[in-house]
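Visitor: I would like a close look at one part of this model. Please keep it brisk.

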Amino acid sequence: MATALHTFAGLSEVSNNVADWVAGVQQLTQPDRVYWCDGSAAEEQRLRGELLARGELRELNQKSFPGCCLYRSNPSDVARVEHLTYICSRSKDAAGPNNNWMDPAAARAKMRELFRGSMRGRTMYVLPYCMGPLDSPYARCGVEITDSAYVVLNMAIMTRMGRAALERIATEGGFVRGLHSIGDLDPARRFIMHYPEELSIESFGSGYGGNALLGKKCHALRIASWQARDEGWLAEHMLIVGLQNPRGETHYVAAAFPSACGKTNLAMLIPPASLPGWKVFTIGDDIAWLQPGPDGRLWAINPESGYFGVVPGTNASTNRNADQMIRRDTLFTNVGLTADNEPWWEGRTEGRPLTDWLGRPYNPDNGPAAHPNSRFTVAASQNPAYGREAEDPRGVPISALIFGGRRRELAPLVYEARSWQHGVLVGASVASETTAAAAGQVGVVRRDPMAMKPFAGYNFGDYWAHWLAVGAALKNPPRIFHVNWFRQNAAGKFLWPGFGENLRVLAWILDRCAGSAGAVETPIGNMPLTGELNTAGLDISPEALTELTAVPNAAWRKEIASFRQYLLEFGSHLPDAMLAEIDEVARRLAAA
Ligand code: GTP
Ligand code: SPV
Ligand code: MN
């Protein structure tokens, strides 16, 4: 029988609930040691030292990248695996056609065999964590048990991890149970299971990102969206950003884009020089928990405390904030290296790659130096644009909700929904080219309602009904918009410069919220009147602008017809209001 080494004596006594569960898992997985994480800086240092000594982590150039390390994941384990991710609700109908489903008893039995003895020879880490500010009524706690020290290092950055979270759990009682083991990293023995009715997660066979950092997509989106439906709030794949206009007024917006479609970048954008007087405050870059407030507005917290961000494309001109923030105390995963032992990725303007993400001598014939889904893990507080309001237990009030996708065709730069109800349809209509953030083909347009296709923990039909209900109960609901930064011309060039210049679109959105900007009605929604979008100092041709704001009728009719077909797949779960809204859009297209 393995002996438990509680390095921090007494931590296991803080919560009997947790201790009992840990004891059961220990018996099943048979680790050599059990270690309860207290979340201290000393602990992080020690763990990092152990990984460095074992060669699992590699120190980067400590002069130019102090405190930075490189981790190379198993080459078969570089992204989320949606085809191996299941919602194991009691009824299949509850999970909906948008999810893989497995009977909970069958899933438990399968996972039990995988976990049996899986931690032999390893340390089992117990990580109590809190999603959201520790003193926020909207925050929720969980405990992840894992046999990966790399996961511990990531969770220590991404969540409020350690003693304080455990103390909150001890007073609250409830917590989300997440059991994770890397197993032997065999993709044939890899499963990410969610038991929403039991607030529990089991993940086996992957050590990467959303598969393994269970506080993130598994807890804060799949489990939380289920809880949110029961409790009257929303758990969404959204960034949260504060925008201070030249008059000194700050408004907050939340935006949902699919994975690797620009959330982190928009959340910390640098205002262009030709838009003086604007300031940007990042509240969150990936997940928002939205609660109706006592004032009839929607309020948002960011449940996370760090960023697990896409590295490729980051440089001083696309995103100076990100570029600066990842120059110290950052964990890089699957990037290349320069001869100076600096990290290198496609889009980095300094240095040249010597080795690629697999550690091979760099050869462009082998593909990119950095894996397209290579990531940085970094504390949110290192972001020069970090907004302190991210720690406000009440969250921030949201003026606008923005949906968007990566679409080289069709979707215009920006349009506004006519109402909350129409906005829910607009959110549901998000479709986007697939990216390297998930295993599978890249660049194929797929439907990704609310950017939640991989993350909604229940039936999309019920989810839209919940969205409609939340909005109907709000006295001052946010306005809803749709954007697309990724339109391309025939030559495959982006029509819109993107990044910091996206502030021009956000400025119009805020003016719409303030009632100070005009709009032209189109069949799909309201768009900026000619001249309403501030293009001062922007190098863009009038032709490009025309293309970006066009609503080609025939193409849109086709799109709406195919979207209607998709909605019908949700059968009796589809709210009538959604059909009424799509028929209204079809009517407007026919009349145009
Ligand atoms: P996840 O962390 O996977 O949820 O991704 P994300 O939505 O936070 O995406 P992120 O901001 O990391 O951007 C993903 C990729 O899109 C990066 O390579 C960026 O450089 C690129 N990108 C972001 N914003 C823009 C933009 O406005 N225009 C263009 N052309 N590319 C962008
Ligand atoms: C995403 O894929 O949307 C991410 C990265 O934010 S992961 O944590 O792997 O889910
Ligand atoms: Mn994401």
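Visitor: In which helix is the place of Ala469? From there, take me to the ligand: which residues are around ligand 2?

Guide: One caution to begin with: this is a predicted model. Ala469 has its place in helix H12, which runs over residues 460-472. The residue counts as partly exposed, at 45% relative accessibility. Follow the chain to Gly232, 237 residues away in sequence. The C-alpha atoms of Ala469 and Gly232 are separated by 8.5 Å.

Now the ligand. The residues around ligand 2 begin, in sequence order, with Arg80, Gly209, Gly210, Lys216 and Lys217. His237, Ser259, Asp286 and Phe308 are also part of the shell. Arg375, Ala437 and Phe455 complete the list. By class, that shell has five charged, four polar and three nonpolar residues.

Where do these residues come from? Domain 1 (3-57 + 76-231) gives at least three residues to the shell around ligand 2. Domain 2 (236-305 + 389-591) also gives at least three.

Look next at the polar atoms. Arg80 places a polar side-chain atom 2.9 Å from an oxygen atom of ligand 2. For His237, an N or O atom in the side chain is 3.2 Å from an oxygen atom of the ligand. Asp286 has a polar side-chain atom 3.4 Å from an oxygen atom of ligand 2. On its own, ligand 2 has 280 Å² of accessible area, and the protein covers 98% of it. Two elements give two or more residues to the shell: helix H7 (209-212) and helix H8 (215-231).

Stay with Asp286. Besides its place around ligand 2, Asp286 forms a salt bridge with Lys216. The closest N and O atoms of that pair are 3.0 Å apart. The bridge links distant parts of the chain, with the two residues 70 residues apart. Asp286 sits in the loop between strand S15 (279-284) and strand S16 (288-292), while Lys216 is in helix H8. Are the partners buried or exposed? Asp286 is buried, because its relative accessible area is 8%, under the 20% limit. Lys216 also counts as buried, at 5% relative accessibility.

The pair does not end the story. Asp286 and Lys216 belong to a network of salt bridges that also links Lys217, Lys263 and Glu304. Lys217 is again one of the residues around ligand 2.

For context, step back to the whole structure, which holds 36 salt bridges. Side chains of opposite charge can pair when their charged atoms come close. One of these bridges joins Glu416 and Arg479, with an N to O distance of 2.5 Å. Glu416 lies in strand S24 (residues 414-416) and Arg479 in strand S27 (residues 479-483), so this pair ties together parts that are 63 residues apart in sequence. Glu416 is buried, with a relative accessible area of 1%. Arg479 counts as partly exposed, at 34%.

Another bridge brings together the side chains of Glu350 and Arg348, at 3.6 Å from N to O. Glu350 counts as partly exposed, with 36% relative accessibility. Arg348 is buried, at 7%.

To return to the ligand: keep Asp286 in view. Its side chain has a polar atom 3.4 Å from an oxygen of ligand 2, and the residue is bridged to Lys216.

How values were computed:
Residues are numbered from 1 along each chain as its sequence is written. Chains are lettered from A and ligands numbered from 1 in the order in which they are written. This is a predicted model: local features need pLDDT of at least 70, side-chain atom pairs count only at pLDDT 80 or more; totals for chains, interfaces and linings use all residues. Side-chain values use heavy atoms; hydrogens and water are left out. A residue is near a molecule or strand if one of its heavy atoms lies within 4 Å of it. A polar contact is a pair of N or O atoms within 3.5 Å; within protein, one must be able to donate a hydrogen and the other to accept it, and residues adjacent in sequence count only if both atoms are side-chain atoms. Accessible areas come from the Shrake-Rupley method with a 1.4 Å probe; for residues, only the protein chains shown count as cover. Helices (H or I, at least four residues) and strands (E, at least two) are DSSP runs, numbered from the N terminus. Ala, Val, Leu, Ile, Met, Phe, Trp, Tyr, Cys and Pro count as nonpolar, Asp, Glu, Lys and Arg as charged, and the others, Gly among them, as polar. Domain bounds come from an automatic or database domain assignment. A salt bridge is a side-chain nitrogen of Lys or Arg within 4 Å of a carboxyl oxygen of Asp or Glu. Buried means under 20% relative accessible area, exposed over 50%, partly exposed in between (1.4 Å probe, protein chains only).
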